Amino acid sequence: YPELGLQESKSSALLASELEKNVFKIKSGVADMPTAFVATYGEGKPVIILHGYELDHRIMTGCLEPLFHKTIGWRRIYIDLPYMGKSQRVVNINSAEQILDAVTECVLQITHGKKFILVGYSFGAYLAQHLALRHKELIDGMILIAPVIFVRAKERELPPHEILVQELKQKLFKNKDKQVWFDSLVVQTPAVWRAIQKHALPGLNLRKKTALDRIFSKAYAIP
């Protein structure tokens, strides 16, 4: 549904309904975000899960739920970060540090001061590292997937992009997001591309790009 920021009640209700059909439990209104999204699954030890930049919780459920379904005793808590997915903006969020503040408040509300496992991917892993520094007494373990270490791109030393498995012909898309994701893959197979379309691209379509560009062009680093 096309709705204004902080008024996306129909869109939030629709996504919540779809998640609940798949046995997820939905919590809204955390950390003073009226339509903030926190999806939980399972019972047991809390596992806080933070997705990457511009995405939403679906990139993480697609990655982790096939693993968690083989175990018991874990309460998985997937958070949509501010300006991403279906979490609405908080007033005066102008930096990554303020995103961290909102996420920290959300996590403390959900866990009620109990110890938890922390999982983060990319930018979510960057937030996880700083959350752990703030509340190391609450962290029972941490998993970092492709974490951001050096914030400034010029400080990173990365190998050249190389396609390791190529079972798909080169594609040209009108949609820029699709093109960027396809070109970045090192394993280009039908199964991988189906997973990207199912778990990554939907979140990109929901992000608030103008707000994120403003924050990350000036205030990406967390002191």
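Contact here means heavy atoms within 4.5 Å. The model shown in these views is predicted.

**View 1. The whole chain, with eight helices and eight strands.**
The chain has 223 residues, and 46% of them count as buried. Its accessible surface comes to about 12,100 Å². Carbon and sulfur atoms hold 57% of that surface. Among contacts with a separation of 6 or more, 64% join residues 24 or more positions apart.

**View 2. Helix 5 against helix 6.**
Helix 5 covers residues 176-184, and helix 6 covers residues 190-199. The two pack at an angle of about 140°. Their axes are 11 Å apart. The crossing is right-handed. Helix 5 brings Lys-178, Trp-181 and Phe-182 to the contact. Helix 6 meets them with Trp-193, Ile-196 and Gln-197. By class, four of the contact residues are nonpolar, one is polar and one is charged.

**View 3. The largest nonpolar core.**
This core has 35 residues. Which of them touch the most other members? They are Leu-50, Ile-79, Phe-123 and Leu-127. Several elements give two or more residues each: strand 3 (45-50), strand 4 (74-79), helix 3 (96-111), strand 5, helix 4 and helix 8 (209-218). Helix 3 supplies the largest share, eight residues. In soluble globular proteins, nonpolar side chains tend to be buried together.

**View 4. Another core, apart from the largest one.**
This core holds 19 residues. Ile-59, Trp-193, Leu-201 and Leu-204 are among them. Trp-193 also appears in View 2, where this helix 6 residue takes part in the contact with helix 5.

**View 5. Ser-122, between strand 5 and helix 4.**
Strand 5 spans 116-121, and helix 4 spans 123-134. Ser-122 lies in the loop between them. What is the phi of Ser-122? It is near 55°, a positive value in a residue other than glycine. Both flanking elements, strand 5 and helix 4, give two or more residues to the largest nonpolar core.

**View 6. Ala-146, in the loop between strand 6 and strand 7.**
Strand 6 runs over 139-145, and strand 7 over 165-166. Ala-146 has a positive phi of about 45°, although it is not a glycine. Is Ala-146 buried or exposed? The relative accessible area of Ala-146 is 51%, and exposed means over 50%, so Ala-146 is exposed.

**View 7. Ile-163, in the loop between strand 6 and strand 7.**
Ile-163 is partly exposed because its relative accessible area is 30%, between the limits of 20% and 50%. Which residues does Ile-163 touch, not counting those up to four places away in sequence? They are Leu-185, Val-186 and Gln-188. Ile-163 and Val-187 are 24 residues apart in sequence. In space, their C-alpha atoms are 6.2 Å apart.

**View 8. Lys-114, in the loop between helix 3 and strand 5.**
Lys-114 has 57% relative accessibility, which is over 50%, so Lys-114 counts as exposed. How many residues apart in sequence are Lys-114 and Asp-140? The two are separated by 26 residues in sequence, and their C-alpha atoms are 9.9 Å apart in space.

Conventions:
Residues numbered from 1 in each chain as written. Predicted model: local features only at pLDDT ≥ 70, side-chain atom pairs only at ≥ 80, totals over all residues. Heavy atoms only, no water. Axes fitted to C-alpha atoms, helices over the stretch in contact; angles between N-to-C directions. Helix = DSSP H or I, 4+ residues; strand = E, 2+ residues; numbered from the N terminus. Left-handed = near helix turned anticlockwise from the far one by under 90°. Nonpolar A, V, L, I, M, F, W, Y, C, P; charged D, E, K, R; others polar. Buried < 20%, exposed > 50% of the residue type's maximum accessible area, 1.4 Å probe, protein only. Areas by Shrake-Rupley, 256 points an atom, 1.4 Å probe, with all protein chains shown as cover. Core = buried A, V, L, I, M, F, W, Y, C linked by side-chain atoms within 4.5 Å.
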